[in-house]
Amino acid sequence: MSHDLLKTYLRMYRRRSGLTQADVAYLLGRVSGTTPSRHEMATRIPTLEILLAYQVMLGVSIGEIYEGELARIDREVRARARGLRRYLEHRPATADLRRRIVYVQGLEDSAGLPAHPPKSHA
């Protein structure tokens, strides 16, 4: 039996830390707990700055906090990579194009996105 990942585990990690929404809001430089509440309920998408602040204050990576969103984005990028690879394969072959195809195929085939492009030995 499979289960869907939650879009965000922000509330769980905040509660594990012992912080209240008001505490988190203060650490984010906000006046009230409304901002973290909206993020926890996934009704608002945090800015990159706030995402990084959550990572710092909770000691958990953004990918772990937003595991469900990361999984969805991963599936979407890999699906688009398939389309891009198919498109590129019909272009006139060059060394640069072959490198791009190999890289995109790596995105398509991986369970997670590569951190760095493959090194060229050319």
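Of the 122 residues in the protein, 29% are buried. The structure described here is a predicted model. The protein contains seven helices and zero strands, and along the sequence its elements follow the pattern α-α-α-α-α-α-α. Among the contacts between residues at least 6 apart in sequence, 49% join residues at least 24 apart.

**The nonpolar cores**

The largest nonpolar core comprises 13 residues. Within this core, the residues with the most contacts are Y54, L58 and I65. Three elements give two or more residues to this core, namely α1 (10-17), α2 (21-28) and α4 (48-58). Of these, α4 gives the most, with five residues.

I65 shows which parts of the chain are brought together around one core residue. When its neighbours within four places in sequence are left aside, I65 is in contact with K7, T8, Y9, L10, Y13, Y54, Q55, L58 and V60. Y54 and L58 therefore appear twice in this account, as residues with the most contacts inside the core and as partners of I65.

A second core, separate from the one just described, has six residues. Among them are A81, L97, I101 and L107.

**Two pairs of packed helices**

Two packed helices are described by the angle between their axes and the distance between the axes. The table gives these values for two pairs.

| Helix pair | Distance between axes | Crossing angle |
|---|---|---|
| α2 and α4 | within 10 Å | roughly 120° |
| α6 and α7 | within 8 Å | roughly 155° |

How are α2 and α4 oriented to each other? Their axes cross at roughly 120°, and the two helices are therefore oblique to each other. The crossing of α2 and α4 is right-handed. On the side of α2, the contact is made by V24, L27 and L28, and on the side of α4 by I50, A53, Y54 and M57. By class, the residues of this contact divide into seven nonpolar, no polar and no charged.

The second pair joins helix α6 (residues 67-89) and helix α7 (residues 95-109). Angles over 145 degrees count as roughly antiparallel, and the axes of α6 and α7 cross at roughly 155°, so α6 is roughly antiparallel to α7. The crossing in which α6 passes α7 is left-handed. From α6, the residues R78, A81, R82, L84, R85, L88 and E89 take part, and they meet L97, R100, I101, V104, Q105, L107 and E108 of α7. This contact has seven nonpolar, one polar and six charged residues. A81, L97, I101 and L107, which belong to the second core, are also found in the contact of α6 with α7.

**Two individual residues**

Is E69 buried or exposed? E69, which is found in helix α6, has a relative accessible area of 18%. Because buried means under 20% relative accessible area, E69 counts as buried. Not counting residues up to four places away in sequence, E69 touches L6 and K7. K7 is also one of the residues in contact with I65.

A42 lies in the loop between α3 (34-40) and α4. Although A42 is not a glycine, it has a positive phi of about 60°. With a relative accessibility of 30%, A42 counts as partly exposed.

Methods. Residues numbered from 1 in each chain as written. Predicted model: local features only at pLDDT ≥ 70, side-chain atom pairs only at ≥ 80, totals over all residues. Heavy atoms only, no water. Core = buried A, V, L, I, M, F, W, Y, C linked by side-chain atoms within 4.5 Å. Buried < 20%, exposed > 50% of the residue type's maximum accessible area, 1.4 Å probe, protein only. Helix = DSSP H or I, 4+ residues; strand = E, 2+ residues; numbered from the N terminus. Contact = heavy atoms within 4.5 Å. Axes fitted to C-alpha atoms, helices over the stretch in contact; angles between N-to-C directions. Parallel < 35°, antiparallel > 145°, perpendicular 65-115°, else oblique. Left-handed = near helix turned anticlockwise from the far one by under 90°. Nonpolar A, V, L, I, M, F, W, Y, C, P; charged D, E, K, R; others polar.
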